[in-house]
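Ready for some practice in reading a protein structure? Have a look at the model below, then work through the exercises one step at a time.

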Amino acid sequence: MTKRTGFAAGEVCWTDLQTRDVEAAKSFYSEVFGWRYEDLPTPDGRSYAQAFVGDGLVTVIAPQNPQQEAAGAPGQWNVYFAADDAQDLSAELAHSGGTLEFGPEAVGETGVMVFFAPPGGGTTGAWQAGTHFGTARSEEPGALAWAELLTPEPQAAVGFFQQLFGHEVTEYPQDDGGTYTTLMVDGAEVAGIAAVPADAEGALRPGWQVYFGVSSVADAVAAAVAAGGVVLVEPDEGVPDDEEAGTIATLKDPQGGVFSLLEV
């Protein structure tokens, strides 16, 4: 069990889900992770749900924005890196090869949000903490356990994050000749970057993959399928060539949101 009280710049601090049906998503994810919820209003009169493991806030399930709704977009899990200054980070994007997609925008007193994309794509969030610093728990069942970017330009993406956040990196050669790179803050691995798998057959698309911890991947997969989810990557098929990597699986929720499980 890991309780968090804050994050250093460059650490993955938060994830949230944008979906077309918040109530259906709440029902699905409660079956998989046992989350309990507290509903709060949005400025446009709808509602979003804070999800908790015990007394710790671990994520939010929110309605899609009007552009996503109009486009009929599937659900999307977003990944956020902690930032000391969202305004400065946004200004740095032009010099690091990234693209500003949204913000910076204050979210009340909770913090400041930015969305951007590294070279090769992959919408990425940054969060400057106000009253909300990020997930209160990590690397335990039901909580954020890992995040990785799948991209057609892994080397460019690695260089981008190094310049933007000052990440150190560790590289793990793979059997297919590629490299799995981890971004590091103060000697700890915080996220991964890899090429989009050539044999994924469309199951895994470019962008961020969010992993939630579970005590049993097999049990969580069974619960997800029973609740209407679809398995995209069977347990262990997507494990990197690393003896310390845990059992994983990747699934799609009934509204199209893709997420992964990591046995912790």
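Let's begin with contacts along the chain. This is a predicted model, and in its chain 60% of the contacts between residues at least 6 apart in sequence join residues at least 24 apart.

**Exercise 1. Describe the chain as a whole.**

Step 1: Start with the secondary structure. The chain has 5 helices and 18 strands.

Step 2: Compare the radius of gyration with the globule rule. The chain has a radius of gyration of 17 Å, close to the 18 Å that the rule gives for 264 residues, so the chain is as compact as a globular protein of that length.

Step 3: Look at the box along the principal axes. The C-alpha atoms fill roughly 40 × 40 × 40 Å.

Step 4: Turn to burial. Of the 264 residues in the chain, 48% are buried.

**Exercise 2. Work out how helix α1 packs against helix α5.**

Step 1: Find the two helices. Helix α1 covers residues 22–33, and helix α5 covers residues 217–226.

Step 2: Read the geometry. The axes are 8 Å apart, and the helices pack at an angle of about 155 degrees.

Step 3: Apply the cut-off. Angles over 145 degrees count as roughly antiparallel, so α1 is roughly antiparallel to α5.

Step 4: Add the handedness. The crossing of α1 past α5 is right-handed.

Step 5: Name the residues that meet. From α1 come Phe 28, Glu 31 and Val 32, while α5 contributes Ala 220, Ala 223 and Ala 224.

Step 6: Sort them by class. The contact of α1 with α5 has 5 nonpolar residues, 1 charged residue and no polar ones.

**Exercise 3. Decide whether Val 214 is buried or exposed, and find its contacts.**

Step 1: Place the residue. Val 214 lies in strand β15, residues 207–214.

Step 2: Use the cut-off. Buried means under 20% relative accessible area, and Val 214 has 5%, so Val 214 is buried.

Step 3: List contacts beyond four places in sequence. Val 214 touches Phe 33, Pro 141, Ala 220, Leu 261, Leu 262, Glu 263 and Val 264.

Step 4: Pick one partner. Glu 263 is 49 residues from Val 214 in sequence, and their C-alpha atoms are 5.0 Å apart in space.

**Exercise 4. Do the same for Val 79.**

Step 1: Val 79 is in strand β6, residues 76–82.

Step 2: With a relative accessible area of 2%, Val 79 is buried.

Step 3: Beyond four places in sequence, the residues touched by Val 79 include Val 12, Trp 14, Ala 147 and Trp 208.

How values were computed. Residues numbered from 1 in each chain as written. Predicted model: local features only at pLDDT ≥ 70, side-chain atom pairs only at ≥ 80, totals over all residues. Heavy atoms only, no water. Axes fitted to C-alpha atoms, helices over the stretch in contact; angles between N-to-C directions. Helix = DSSP H or I, 4+ residues; strand = E, 2+ residues; numbered from the N terminus. Parallel < 35°, antiparallel > 145°, perpendicular 65-115°, else oblique. Left-handed = near helix turned anticlockwise from the far one by under 90°. Contact = heavy atoms within 4.5 Å. Nonpolar A, V, L, I, M, F, W, Y, C, P; charged D, E, K, R; others polar. Rg over C-alpha atoms; globule rule 2.2 N^0.38 Å. Buried < 20%, exposed > 50% of the residue type's maximum accessible area, 1.4 Å probe, protein only.
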